[in-house]
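Good morning, everyone, and thank you for making the time. I would like to take you slowly through one structure today, so please keep the view open in front of you while I talk.

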Amino acid sequence: MSGSVGIDVSSLVTQAQFERLADSGFKFLIVRAYRSIGAVDTNAPTTIRNARAAGMEDIDVYLFPKPSGGDPETQVSETVDYLHSQGAEFGTLWLDVEPGNWSASKEENQKFFMAMYSKATRLGSTGVYTSAANWNAIMGNFSGAMTIPLWYTYFDSNKSFDDFAPFGGWLNPVMKQFTNTQTISGVPVDQNWRP
């Protein structure tokens, strides 16, 4: 299968670990930059710098929000401002929609998400990370995000979109997380594929 495979991480990764990961053929990286406890991930800037020092150039970040008791625009601003203040350059900011701290009200969740998205697009490239099951449970049949690039999860170990079934108005994803957390070269990672 053509395309490229990358990883996402949610912990501090050293330069030496990234060098081993790059030797394993991983071409891109997505780093957690905001935690669901309502705070920036202070490991993110160092992890990004370590990846660049190891020769990885294609680096995005993701924001795991805290919808309960947190302001959506502030969470986005804190994430982007913190990374910029630390000299941690990144491409796309992926907004994570998976269980954790969301309201029982799908309408409230939709408003929260769209406020995050509105702020994020004013600050740079933005996408959404979710699965069909998570999106439907949290957002319902909401299709107001269908123009946002989709990185979806489906843990079948296949590097293709053959399994994709439309949801949330999305007809075509841009990236797939195809494995759940595994330890590779001493680093807990999820593997992702994109054409």
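I will begin with a pair of helices, go on to the aromatic rings, and end with a few residues in loops and around one helix.

Please keep in mind throughout that what you see is a predicted model.

Let us start with helix α4, which covers residues 106-123, and helix α5, which covers residues 132-139; these two pack at an angle of about 110°, and their axes are 7 Å apart. Angles of 65 to 115 degrees count as roughly perpendicular, and α4 and α5 are therefore described as roughly perpendicular to each other. On the α4 side the contact is made by Lys 106, Asn 109, Gln 110 and Phe 113, while α5 brings in Trp 135, Asn 136, Ala 137, Ile 138 and Met 139. If we sort the residues of this contact by class, we find 5 nonpolar, 3 polar and 1 charged.

Two of those residues, Phe 113 and Trp 135, come back in the next topic, since they belong to one aromatic cluster together with Phe 142, Tyr 152, Phe 161, Phe 164, Phe 167, Trp 170 and Trp 193. In the structure as a whole there are 12 aromatic pairs. A pair of aromatic rings is described by the distance of the centres and the angle of the planes. For Phe 164 and Phe 167 the centres are 5.9 Å apart and the planes make an angle of 50°, and this pair is called tilted. How, then, are the rings of Phe 167 and Trp 170 arranged? Their centres are 5.4 Å apart and their planes stand at 65°, so this pair is edge-to-face. Phe 167 is buried, with a relative accessible area of 7%, and Trp 170, at 2% relative accessibility, counts as buried as well. Away from these pairs, you may also look for Arg 194, whose charged end sits over the ring of Phe 28, 3.9 Å from the centre of that ring.

Phe 167 also leads us to Ser 131, which is found in the loop between β6 and α5. Is Ser 131 buried or exposed? It is buried, because its relative accessible area is 9% and buried means under 20%. Leaving out residues up to four places away in sequence, Ser 131 touches Thr 153 and Phe 167. Ser 131 and Tyr 152 are 21 residues apart in sequence, and yet their C-alpha atoms are 5.1 Å apart in space. Thr 153 lies in strand β7, and beyond its neighbours within four places in sequence it is in contact with Tyr 129, Thr 130, Ser 131 and Gln 177.

Now to the backbone, where one general point helps. Most residues other than glycine have a negative phi. Ser 157, in the loop between β7 and β8, has a positive phi of about 65° although it is not a glycine, and this residue is exposed, with a relative accessible area of 51%. Ser 185 also has a positive phi, near 55°, and it lies in the loop between β9 and β10.

Finally, please find helix α2, whose buried residues include Ala 44, Ile 48 and Ala 51. Among the elements that cover the buried residues of α2 are β1, α1 and β2. Just after α2 comes Gly 55, which takes a positive phi of about 100°.

Note on methods
Residues are numbered from 1 along each chain as its sequence is written. This is a predicted model: local features need pLDDT of at least 70, side-chain atom pairs count only at pLDDT 80 or more; totals for chains, interfaces and linings use all residues. Side-chain values use heavy atoms; hydrogens and water are left out. Axes are lines fitted to C-alpha atoms, for helices over the stretch in contact, and angles run from 0 to 180 degrees between N-to-C directions. Helices (H or I, at least four residues) and strands (E, at least two) are DSSP runs, numbered from the N terminus. Angles under 35 degrees count as roughly parallel, over 145 as roughly antiparallel, 65 to 115 as roughly perpendicular and the rest as oblique. Contact means heavy atoms within 4.5 Å. Ala, Val, Leu, Ile, Met, Phe, Trp, Tyr, Cys and Pro count as nonpolar, Asp, Glu, Lys and Arg as charged, and the others, Gly among them, as polar. Rings of Phe, Tyr and Trp (its six-membered ring) pair if their centres lie within 6.5 Å; planes under 30 degrees apart count as stacked, over 60 as edge-to-face and the rest as tilted. Buried means under 20% relative accessible area, exposed over 50%, partly exposed in between (1.4 Å probe, protein chains only). A charge sits over a ring if NZ of Lys or CZ of Arg is within 6 Å of the ring centre and within 35 degrees of the ring normal.
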